[in-house]
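User: I'm just starting out with protein structures, and I'd like a close look at one part of this one. Could you walk me through that part, then show me how the rest fits around it?

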Amino acid sequence: MALRPVVVTGLGIICAAGRDPADFWLRLTSGSGGLTPMRDEAYAVFEARHAGQVPDEWITSQLPDADASLDRTAQLALVAARQAMAGLTAADPGRFGIILGKCQATPDQAGRYQPMHRTGDVVAERLGLRGPRILVSTACAAGGNAVGLAKDKILAGEADAVLAGGVDPLLFGTYAGFAGLQALSTGPCRPYSRSDGLNLGEGAAFLLLEPLDLALARGAVPLAEVAGYGLSADAYHATAPDPTGRGGAAAMRRALADAGLSPGDVHYVSGHGTGTPANDAMEAKVMRLVFGERAGQVPTSSIKSFLGHTLGAAGAVEAVAAVLALRHGVAPPTIGFDGEPAAADLDFVPNVARPMDIETVVSNNYAFGGNNVSLVLTRPRGPRAYEDPPRREAVITGLGPVTGAGTGIAEVSAAISAGLRAAGRPPSLDGRTYAPRSLWRHMNRLSRMAIAASRLAWEDAGLKLPRKALDDVGLIFATGAGSAESTGGFDESIALNPNKPAVLSFSNVVLNATGGAVCQTLGLRGPTTTICNGGASASIALDCALELISAGKAEVVLVVAADERPGEAFGDPSDPPTPYETGAAEPVPGSAAVAFVVESADHCAGRGGRAYARVLATTHTTHDPTDALHPALESSAGVVVGVGAGSSRDREEAAAVLGTAGGVLTSSAALIGDCQAASGAMNIAMAALAVRDGIAPALTGLARPVAGDLGRYLTDPVLPGPVEQALALTAAPGSVSGAVLLGAV
Amino acid sequence: MTNVLAATHPEGTVYGEIGDATVPLRFSASPEALSEEYTALRERAAVIDLGGHRLIEITGPAAVEFAQRVLARDVEYLTSDRCMMSLVLDEDGRIVDQVIAFGREDGILLESSCGAGARLLEHLRERNDEGAEIADRSEDLAIVGLEGPYAWGVVGRLIDAELASLPFESVAEATWDGVDVVFARTGFTGEYGYQMIVPRESAPGLWSLSVEHARPAGQEALELAMLEVRQPMPRHEATPGASVIEIGANWLVDITKESFVGREAVLEAFESGAGRSTVGFTCAVGVPAPGTRLMAGDQVIGEVVHAVHSVGLNATLGLARVDRDLAAAGLELSAGGVGVTTLTSPYIVPKSWSVPII
């Protein structure tokens, strides 16, 4: 069955090896690298000084004055995004999305951390993109991952055009972290030959993706087809790649299968090629595993030798290079190639660009957390018939809440029935183990909570899968801010002495570290990604899970959301605010992890599993939920689990819900507090519980609701009758809001 | 226990009785046999007949609960792609055996140390309150080992090069000659080490192919190489009354686990601070017998536990148990009238530490 072809119709790039695609390609093909000693004197404390810096003039000369006050990350992203959109004259803003990959939490102009999704919001606002908006943060695989997710959004019919790319600036802390890991080369890096370490770089790159038919209809020139992509988890280590190359090979094989191609069709591989010994040795194994006897005949090169490792941007930067390689029939070289190759049997295109026939390129990226991505890009073909992707029914079969109100769904159900209000109370992980002690000892709080939640959801689903089946179980991690503990600990160590970074914390600063830890602990090696859209992360993660199941890429996907309360230790507020109460105090921030198992209905039935609920629909909007209603609100849900946490936003939400949806409104905030991404997952879990078990967290003590009659709110945890449908809402205020409609099985 | 590979081994192979097993000590009667086998293990690759290691399978609904109680390390979440080494203790904290535990889909497979399987099996059966199913799988399975700085290359020639770079203590399902193989990256000697668990009837064929790529090394070469990297060997070191702490095998016990057989005794020994410590030593002449008193001047400070001639050091290498505050490297002592020097481990730096797998 042929799916709708998705093509690249625009490219944008800014990095140390070029200010735009033409400049970039000229430098790549002429072997002109951009790695230079750091200009910023602050970096003089490090022995390794080379990096891929973008000259300021390249940025300022491409930005309107109105963007001058933006932070560097947003500026880099806007430069590349505008380039990629240059040929697009008219597009429906509501069907134009942005999927952005980013590795680091980046500072605003004043140097304060911003929410992970902020850069994507800024680009979307400035360019008027009001379609799907996702921030993917699979560390150094994020840029490539974004391109794959963008294709999914087009196939799902949610968008007619998507800007997919990545961005990351050079940050002092990250530099110190890599220096502390002894991962930096003291000179320009030499991937696949000396392999004595990497250089960091900065930059942004975007690809404009459209369905082939629409691109041709508007007279655009398709540059390449995004034929397929593949994700995998090593389930091996926080920072080191699985030395066998299994993880990288799995991603490449999945990508080729997605594209309907075989290894024999591949002409050129754009490697990850960071220049570290562990990476380069692992990649050689991946080449041999996937291509076998033919490995030496498939040229593979690393353009990181030109511009350094741009982290979350790298996959997008390399995808841009791959598209240009296809267009021009030239494989860019690995420059700085010196001495013996890392693997004598492979062809690393040393130092000189090579003209050659290229029909199919695979671009690979490997990241901290053991996240791997492969993209398959092909020369565009003509228009052709296609079918809509199959819709496969998915069910939620296991719930794993780790919250202040209880650990595990049995405890939480009891807490709901008892009317407990535990907002602000820390979750307890005492009383049992969730992971081998040898791993648990080294885990931070966020990973421990997420592992416990995942284990509990898995057990609640009654899943017993053999090792081989675990290789295909997906894991989608959702988090607003990642580990506050590790980020704080790392930043403190850098402030004290940049040459003594807390390296264990550093490996946990990447947002996907916790997702990787869950994969490692549960042995899951299927497709994996990490979504960082604040409070809306969990419903977007559920979307990713549904797309994996619909495409037949996984039968079982674990979605786990976790966030922790930043700052000092918990108090135990005796009187948490009642959501939707007039004049409620501020929301109580909390820590929690909530996991749920999403399974194809067929798989669940085949094993005799007992599902909580069917997933009927999910929608997301980047409009304010009050001025443009979610289509899902117009459902006949018996109960709506809203975002309401006792803030000024409660009124708008309640008015919108009560004005449109049926049923009664409630929220999980009094039960567990405001736990960012985990609250969104809790809402989904609570809706599932309402559908199957007929209970939901009640708004105990609600007397004067902010909107509508008291009778429209759930004030008793036992629902009056069977609930055929329940609606869960999620929101990242000012960015994305989501709705998930669940139905009885 | 009959040695399944005996018919395959060359004429002149010297066998010995270790516990309940008859195992090849050297594969030739030549006086150079030990030295040659050892050199193969340390310099190239050696194939090891692990027929003296018994395989005991624990299955059934109570398997993990039982294993978690009788093993001193944490095996609750030991997945089928992992294995780990652990002690098995009795209620008094004495070492019953040192095992490799392999996670399996339906339970746990234990590999005993050489010749200790019958005693281990008895120990497990006596304590099986949980009603786990315990089976002696050595009746249908056998183990062939590989050790050496280039053992990874042999793996590629035997089965699949992909298996060679498996992380330490990882396990994979493989096939060889149409039969299922449980393949594990392990290692006893500090060199790259692998084990292949195969159906008993397939073992001679796998062995015959292995010896085309690697030299067989017997129990003496293996134990010498183990000693050189301070890999614990209970049959030499678990002297009567010695605690886990005195033996220096604390790392094979996880006291953060709430309960397991022998935990209280280990904790008590740890908290009391009493007892001796084990330290390595070398001397230029002679091999002192176990029990030989170790002297500092005219003061008795301990005794020899185990000693052999090390081919690698070209000198005597031994372990002694001495007063705790004297368990340090570089001390000049005497044993049986011969001057000895205490050492820090490893006593030989394995070549594998500087040879990458390519």
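How far apart do the end C-alpha atoms of residues 10-257 of chain B lie, and what percentages of the span are helix and strand?

Analyst: Sure! One thing to keep in mind before we start: this is a predicted model.

The end C-alpha atoms of your stretch, residues 10-257 of chain B, lie 47 Å apart. The span is 27% helix and 33% strand. As for a label, the UniProt record, an unreviewed entry, annotates residues 10-257 of chain B as "domain: GCVT N-terminal".

Now let's see how chain B is split up. Its domain 1 runs over 1-272, and domain 2 covers 275-358. Measure from C-alpha centre to C-alpha centre and you get 25 Å between domain 1 of chain B and domain 2 of chain B. Where these two meet, 27 residues of domain 1 of chain B are in contact with 23 residues of domain 2 of chain B. On the domain 1 side of that meeting place, at least two residues each come from α1 (33-43), α7 (219-228), α8 (234-237) and α9 (244-247) of chain B. The top contributor there is α1(B), with 5 residues. Sort that side of domain 1 of chain B by class and you find 12 nonpolar, 8 polar and 7 charged residues.

Two backbone details in chain B are worth a stop. One is Glu169(B), whose phi is near 65 degrees, a positive value in a residue that isn't glycine. Look for Glu169(B) in the loop between α5 (161-164) and β10 (171-176) of chain B. Is Glu169(B) buried or exposed? Somewhere in between: there are 18 other C-beta atoms within 10 Å, so Glu169(B) counts as partly exposed. The other detail is a cis peptide bond between Ser345(B) and Pro346(B), with omega at about -5 degrees. Pro346(B) sits in the segment that follows β19 (338-343) of chain B.

Next, the neighbour. The contact between the two chains takes 14 residues from chain B and 13 residues from chain A. Those on the chain B side break down into 3 nonpolar, 4 polar and 7 charged.

So what is chain A like? Its secondary structure comes to 23 helices and 26 strands. Along its principal axes, the C-alpha trace of chain A spans about 75 × 60 × 55 Å. Here's a handy check on overall shape: a compact globule of 745 residues would have a radius of gyration near 27 Å, and the 24 Å of chain A agrees with that. Buried residues make up 65% of chain A. Now take the contacts in chain A between residues at least 6 apart in sequence: 81% of these join residues at least 24 apart.

Chain A also comes in two parts, domain 1 (6-378) and domain 2 (394-743). The C-alpha centres of domain 1 of chain A and domain 2 of chain A are separated by 31 Å. Their contact uses 39 residues from domain 1 of chain A and 42 residues from domain 2 of chain A. Several elements give two or more residues to the domain 1 side, among them α4 (118-127), α5 (142-155) and β9 (224-233) of chain A. That side of domain 1 of chain A holds 21 nonpolar, 13 polar and 5 charged residues.

UniProt has a label for chain A as well: an unreviewed entry lists residues 3-379 of chain A as "domain: Ketosynthase family 3 (KS3)". Over residues 3-379 of chain A, the chain is 31% helix and 21% strand, and the end C-alpha atoms are 17 Å apart.

There is a backbone oddity in chain A too. Ser195(A) isn't a glycine, yet its phi is positive, about 45 degrees. You'll find Ser195(A) in the loop between α6 and β7 (200-201) of chain A. Ser195(A) counts as buried because it has 22 C-beta neighbours inside 10 Å, and the cut-off for buried is 20 or more.

Finally, the inside. The largest nonpolar core has 379 residues, and Leu207(A), Val559(A) and Ala593(A) touch the most other members. Helix α23 (residues 677-693) of chain A gives the most to this core, with 12 residues. Zoom in on Val559(A): leaving out residues up to four places away in sequence, its contacts include Ile476(A), Leu542(A), Phe596(A) and Ala681(A).

Note on methods: Residues numbered from 1 in each chain as written. Chains lettered and ligands numbered in written order. Predicted model: local features only at pLDDT ≥ 70, side-chain atom pairs only at ≥ 80, totals over all residues. Helix = DSSP H or I, 4+ residues; strand = E, 2+ residues; numbered from the N terminus. Rg over C-alpha atoms; globule rule 2.2 N^0.38 Å. Buried ≥ 20, exposed ≤ 12 C-beta atoms within 10 Å, placed from the backbone. Contact = placed C-beta atoms within 7 Å. Domains from an automatic or database assignment. Nonpolar A, V, L, I, M, F, W, Y, C, P; charged D, E, K, R; others polar. Core = buried A, V, L, I, M, F, W, Y, C linked by C-beta atoms within 7 Å. UniProt positions renumbered as here; feature names shortened; annotations may be inferred.
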